[in-house]
Amino acid sequence: DNFKTYTTQESADASWVSDNTTYSRVNITNYNIDFNGNGSPTRDIYHSLGFTASDTAWVFRFKIRFSTYTMGVGYGQCWFGLTSSPTGGYASTQDGISIRFCRDNVLKITYGDATGIEINLSSNITPDFAINTDYYVELKRTSATNVTLTTFANDPTFTTSTATGSFTIASTVTGLNSIVL
């Protein structure tokens, strides 16, 4: 989405619906999403694609920059991905494919098949995040049953990867029509 097209905060809020604008909201001043994730299912923001993604091939790309990042073990901090049901949070019943950002500097590919999207997790992918560095992230569905995740540090051309992994998912994960963070 081109955030520069939103001329008012109200128009941005209508397109990118936040459960709690204190924690996640489109910023129409600097044209990004301000996001403070800590694993709470009540801090989601979602956006309808206006179509249903292919059940066999799509690419979801974004840039992320951490102004702070608290390391530690435990639960994931946030999920970014595509879902069939954007309301209700990551634990609600839905089909979805997402990236789980964990507090221990680890990413995981996750999916839900009529379950919460936090149920099925890939092995660890370790991009070694640094504060105030631009990371370009690519989540790609390459077939009905395969998803890959690749990160790129300071590389908006998505050419030289810093970490990558893939995960086998159920072919019945379908109907993905919204971005959810």
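Before you click on anything, one term: a residue is called buried under 20% relative accessible area, exposed over 50%, and partly exposed in between. You'll be using a predicted model for this tour.

**Stop 1: Arg65 and its partner**

Select Arg65. Its relative accessible area is 45%, so Arg65 counts as partly exposed. Now add Asp134 to your selection: the two side chains meet in a salt bridge, 2.8 Å from N to O. Arg65 belongs to strand E5 (residues 58-65) and Asp134 to strand E10, so this contact ties together parts that are 69 residues apart in sequence. Asp134 itself is buried, because its relative accessible area is 16%.

**Stop 2: more charged pairs**

How many salt bridges does the structure hold? There are 4. Another one joins the side chains of Arg25 and Asp13, at 2.5 Å from N to O. Here the partners come from strand E2 (residues 24-27), home of Arg25, and helix H1 (residues 9-15), home of Asp13, and they sit 12 residues apart. Both are partly exposed: Arg25 has 29% relative accessibility, and Asp13 has 23%.

Next, pick Glu138 and Lys140, whose side chains form a salt bridge at 3.8 Å, N to O. Is Glu138 buried or exposed? With a relative accessible area of 8%, Glu138 is buried, while Lys140, at 29%, is partly exposed. Add Arg61 and you have a network of salt bridges linking Arg61, Glu138 and Lys140.

Keep Arg61 on screen and show Phe158. The charged end of Arg61 sits over the ring of Phe158, 4.0 Å from its centre. You can find a similar arrangement at Lys4, whose charged end sits over the ring of Tyr31, 5.4 Å from the centre.

**Stop 3: rings**

Time for aromatics: the whole structure has 10 aromatic pairs. Start with Phe3 and Trp16, an edge-to-face pair with 5.6 Å between centres and 70 degrees between planes. Phe3 is in the segment before H1 and Trp16 is in the loop between H1 and strand E1 (17-18), so the pair ties together parts that are 13 residues apart in sequence. Both Phe3 and Trp16 are buried.

Then move on to Phe35 and Phe80, also edge-to-face, with 5.4 Å centre to centre and 85 degrees between the planes. Phe35 is in strand E3 (residues 32-35) and Phe80 in strand E6 (residues 76-83), which puts them 45 residues apart. Phe35 is partly exposed at 25% relative accessibility, but Phe80 is buried at 6%. Show Phe60 and Phe62 as well, and you'll see a cluster in which ring pairs link Phe35, Phe60, Phe62 and Phe80.

**Stop 4: a covered strand**

Select strand E7, residues 94-102: 9 of its 9 residues are buried. Which way do the side chains go? In a regular strand they alternate between the two faces of the sheet. In E7, Gln94, Gly96, Ser98, Arg100 and Cys102 point one way, and Asp95, Ile97, Ile99 and Phe101 point the other. Now bring in strand E8 (residues 107-115), which runs antiparallel to E7 and is joined to E7 by 8 bridges. One to look for is between Gln94 and Thr115 in E8.

**Stop 5: two asparagines**

Finish in the loops. Asn132 lies between strand E9 (120-121) and strand E10 (134-143), and its phi is near 60 degrees, a positive value in a residue other than glycine. Asn154, in the loop between strand E11 (146-153) and strand E12 (163-168), also has a positive phi, near 50 degrees. Asn132 is partly exposed at 45% relative accessibility, whereas Asn154 is exposed at 53%.

Notes:
Residues are numbered from 1 along each chain as its sequence is written. This is a predicted model: local features need pLDDT of at least 70, side-chain atom pairs count only at pLDDT 80 or more; totals for chains, interfaces and linings use all residues. Side-chain values use heavy atoms; hydrogens and water are left out. Helices (H or I, at least four residues) and strands (E, at least two) are DSSP runs, numbered from the N terminus. Buried means under 20% relative accessible area, exposed over 50%, partly exposed in between (1.4 Å probe, protein chains only). Two strands pair if DSSP finds at least two bridges between them. Rings of Phe, Tyr and Trp (its six-membered ring) pair if their centres lie within 6.5 Å; planes under 30 degrees apart count as stacked, over 60 as edge-to-face and the rest as tilted. A charge sits over a ring if NZ of Lys or CZ of Arg is within 6 Å of the ring centre and within 35 degrees of the ring normal.
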